[in-house]
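Q: Please take a close look at a single part of the structure below. I would like to know what surrounds that part and how the rest of the chain is arranged about that part.

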Amino acid sequence: MDTYRRPDVPAAVFHDATGAVVPYGSRWGPDGPPEDSYSVVTHSERFRPLHTVADAVVAHLAARYDVDVEHEDDPARETPVAVRVTTLRPRAPDAATVTLVRTGFPGVVVRAGHLLSAHLPPCGCDACDDTWEQVADELEHTVAAVVAGTFREWCTRRDGVTWVGHALGPHRGRSSSGETVAGTTSDGRGATACAGPGDDPVVWAPWPLRHA
């Protein structure tokens with residue numbers, strides 16, 4: 001995704017109940033968020049630009065890489081209810097498929113390979129204080145690392161518990177990774193995929209470029 005550029009999104013200003021501007025991303029001091037900000041979501045519409053970013057990512061990938069693209073609108077099976085689902089399948093068997101689910105929150109779920117399912121924003125409550133730009137960074141990093149072939153995932157058992165994990169990068173100086181107990185994700189992907197892969201990680205190949 002070296003030629004990808006994030007689309008311009010007009011700045012939006014949000015106000016609290018008193019009319020004051022809400023400085024998302026820097027609301028809380030060293031003491032952290034107040035207790036009453038947890039599990040409370042105000043101005044979730046501030047994440048709507050994530051749909052614009054997801055559309056731009058899809059357009060870039062479809063134009064630059066040798067992939068099959070499938071769109072699905074309003075699938076009833078998604079939770080939270082999806083606005084649109086796009087799946088990009090690279091025409092190389094050892095490269096990972098990516099699916100972008102635009103949710104009605106609004107947000108985006110990025111699915112890749114056998115196991116990865118990243119919900120963006122991860123929470124969206126007032127205490128988390130995410131900005132859409134921060135979440136867009138994570139979306140772009142996740143997809144770019146998969147496309148570049150720096151994505152790997154695994155299943156392993158420790159103390160009788162099956163864990164699924166993934167690592168993204170290093171790509172452009174950034175890396176991320178995570179593990180969770182199989183079957184604890186909302187879509188259950190880990191529980192299904194762990195019937196296949198063993199302790200050896202699956203290392204996905206770079207996406208093939210589209211030929212002129």
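A: Among contacts between residues at least 6 apart in sequence, 57% join residues that are at least 24 apart in the protein chain. These values come from a predicted model. The protein chain has 212 residues, and 43% of them are buried. Its accessible surface comes to about 11,000 Å², with 52% of that area belonging to carbon and sulfur atoms.

The chain contains three helices and nine strands. Read from the N terminus, the order of elements is α-β-β-β-β-β-α-β-β-β-α-β. The part chosen here is strand β4, residues 107–112.

Start with burial. Six of the six residues of β4 are buried, so the strand is largely enclosed by the rest of the structure. The burial applies to both faces of β4. On one side are Gly107, Val109 and Arg111, and on the other are Val108, Val110 and Ala112. Arg111 is thus listed among the buried residues, together with the valines of the strand.

Next come the strands alongside. Strands of a sheet pair through backbone hydrogen bonds, in a parallel or an antiparallel arrangement. β4 runs antiparallel to β3 (residues 98–103), and six bridges join the two. Three residues separate β3 from β4, and the two strands form a hairpin. Within this pair, Val101 is the residue opposite Val109.

On the other pairing, β4 is joined to β5 (residues 116–120) by five bridges, again in the antiparallel sense. Here Val109 stands opposite His119, and Val108 stands opposite Leu120. Val109 therefore has a facing residue in each of the two strands: Val101 in β3 and His119 in β5. β4 and β5 also form a hairpin with three residues between the strands, where Gly113 takes a positive phi near 60°.

These pairs belong to an open sheet of five strands, in the order β1-β2-β3-β4-β5, with antiparallel pairing. β1 (67–73) and β5 stand at the edges of the sheet, and each has a single partner strand, so one side of each is left without a neighbour in the sheet. From one strand to the next, the twist averages 15°. β4, by contrast, has pairing partners in both β3 and β5.

Two helices lie across this sheet. Helix α1 (residues 49–64) lies across β1, β2 (82–90), β3, β4 and β5, and runs at about 155° to β3. Helix α2 (residues 132–147) lies across β3, β4 and β5, and its angle to β4 is about 20°. β4 is among the strands crossed by α1 and also among those crossed by α2.

A last point concerns the cysteines. A disulfide is a covalent bond between the sulfur atoms of two cysteines. A search of the whole structure finds zero disulfides. The sulfur of Cys123 has its closest cysteine sulfur in Cys125, at 3.6 Å, which is too far for a bond; the cut-off used for a disulfide is 2.5 Å. Cys123 counts as partly exposed because its relative accessibility is 41%. Cys125, with a relative accessible area of 4%, is buried.

Methods. Residues are numbered from 1 along each chain as its sequence is written. This is a predicted model: local features need pLDDT of at least 70, side-chain atom pairs count only at pLDDT 80 or more; totals for chains, interfaces and linings use all residues. Side-chain values use heavy atoms; hydrogens and water are left out. Helices (H or I, at least four residues) and strands (E, at least two) are DSSP runs, numbered from the N terminus. Buried means under 20% relative accessible area, exposed over 50%, partly exposed in between (1.4 Å probe, protein chains only). Contact means heavy atoms within 4.5 Å. Accessible areas come from the Shrake-Rupley method with a 1.4 Å probe; for residues, only the protein chains shown count as cover. Two strands pair if DSSP finds at least two bridges between them. Axes are lines fitted to C-alpha atoms, for helices over the stretch in contact, and angles run from 0 to 180 degrees between N-to-C directions.
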